[in-house]
Amino acid sequence: MNQWHLCLAFFRVGILGYGGGPSSIPLVQKEVVSKYKWMDNEEFGNILALANALPGPIATKMAGYIGYRVAGVLGMLTAVLATIVPTIFLMVILLTFLTSASDARWVNGMTEAVVPVVGVMLAVLTYDFLKKAKADLGWFWMIVLAIVSLVVTAFLGIHPAIMIVGLFIVAIFKPDSKKQGGSS
Amino acid sequence: MITYWQLFIAFFIPGVLGYGGGPASIPLVEQEVVDRFEWMTINEFSEMLAMANALPGPIATKMAGFIGFQQAGVIGSLIAVFATVVPSLLLMILLLRLLMKYKDSPKVKRLTMFIRPTIATLLGVMAFQFFQTASADSGFLTMSSIGLISFILMERLRIHPAFVILAALVFGALFLG
């Protein structure tokens, strides 16, 4: 049953994720956390952090790991294939038979209309993560860490992987004292 | 045989060097496919990229699947996709297994906590970029109407995003083309 659910969940993720792998992040969260409840938002957040810190496509890393975590190696294969095969198939067929379908105005119209929907899903997910961060760290450290992350990644243009690896190191090597926020 | 090996190399490199997901690997793929192995001209590459952008799903695997198929049929396609997906996925599974083994240790708990605001920021910045793109492509009013309606459908009426996205696709094909 899990195999079938994995297949369905990641088929939807692959076929609905307009704008490349990263836009499928909120879709994966919806399927994996809200619908099938294979994991909580906390675990999903860790997976997302690591997927961001490692090289390579985000969508297949998430699909592959979640498939593996839910149903072993077979689950991994199911989830990855369900994510990528339908769209590769479409791509090969469309590009082999009609070279200029991407010029079709209605195709572009479809993509345009989906972008704000994904934007809303991302914004909702952002809110969920901030709320959870506030519950754990308190207002002060949540805001400090969020602002530092924003400045480092968006304004200084430093790759988020570096920020995430930095936080990993601080968390692992900081001596176990009372819970206190991290310096950056 | 040599093509298979070249396909593996051409997609293995973007797969392990492309930080930031599939879209970040586009220039790396271009370098291998256009500059190094000369399988495509820059024009053919941008035509393919336009199609890859118009279709749903991860960009990197769509490019790998198509270029592999074009160069060496179904097996070529399999090799290129394998080279894109598997190395980084293995790394991911190994590291997460390690993390899960120690998931009750205070260090890993702290890690989860520290990282959350950063993830929120990354998602927030992505949301902003999506709204910006939509606003540039179809105007602020259209963007915010679609955004508001989809927010109400998904968050208030609890409709699965699949249906909301399908509705948006139909709307876009009919009215935004």
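These legends go with a few close-up views of chain A, with most attention on helix 6.

This is a predicted model, where local features need pLDDT of at least 70, side-chain atom pairs count only at pLDDT 80 or more, and totals for chains, interfaces and linings use all residues. Residues are numbered from 1 along each chain as its sequence is written, while chains are lettered from A and ligands numbered from 1 in the order in which they are written.

**View 1. Chain A has 6 helices and 0 strands.** Helices (H or I, at least four residues) and strands (E, at least two) are DSSP runs, numbered from the N terminus. Follow the sequence and you'll read α-α-α-α-α-α. The C-alpha atoms fit a box of roughly 60 × 40 × 25 Å along the principal axes.

**View 2. Helix 6 of chain A covers residues 160–173.** Its 14 residues, at 1.5 Å a residue, should span 20 Å, and the end C-alpha atoms are indeed 20 Å apart. The expected span is 1.5 Å times one less than the number of residues.

**View 3. Helix 6 of chain A has buried residues: Pro160(A), Met163(A), Ile164(A), Leu167(A) and Phe168(A).** Buried means 20 or more other C-beta atoms within 10 Å of a residue's own, exposed means 12 or fewer, and partly exposed is in between, with C-beta atoms placed from the backbone. Down the helix axis, the buried residues fall within an arc of 140°, so they line one face. That arc is taken from the directions from the helix axis to the C-beta atoms. On the face turned away from the buried side sit the exposed Ile169(A) and Phe173(A).
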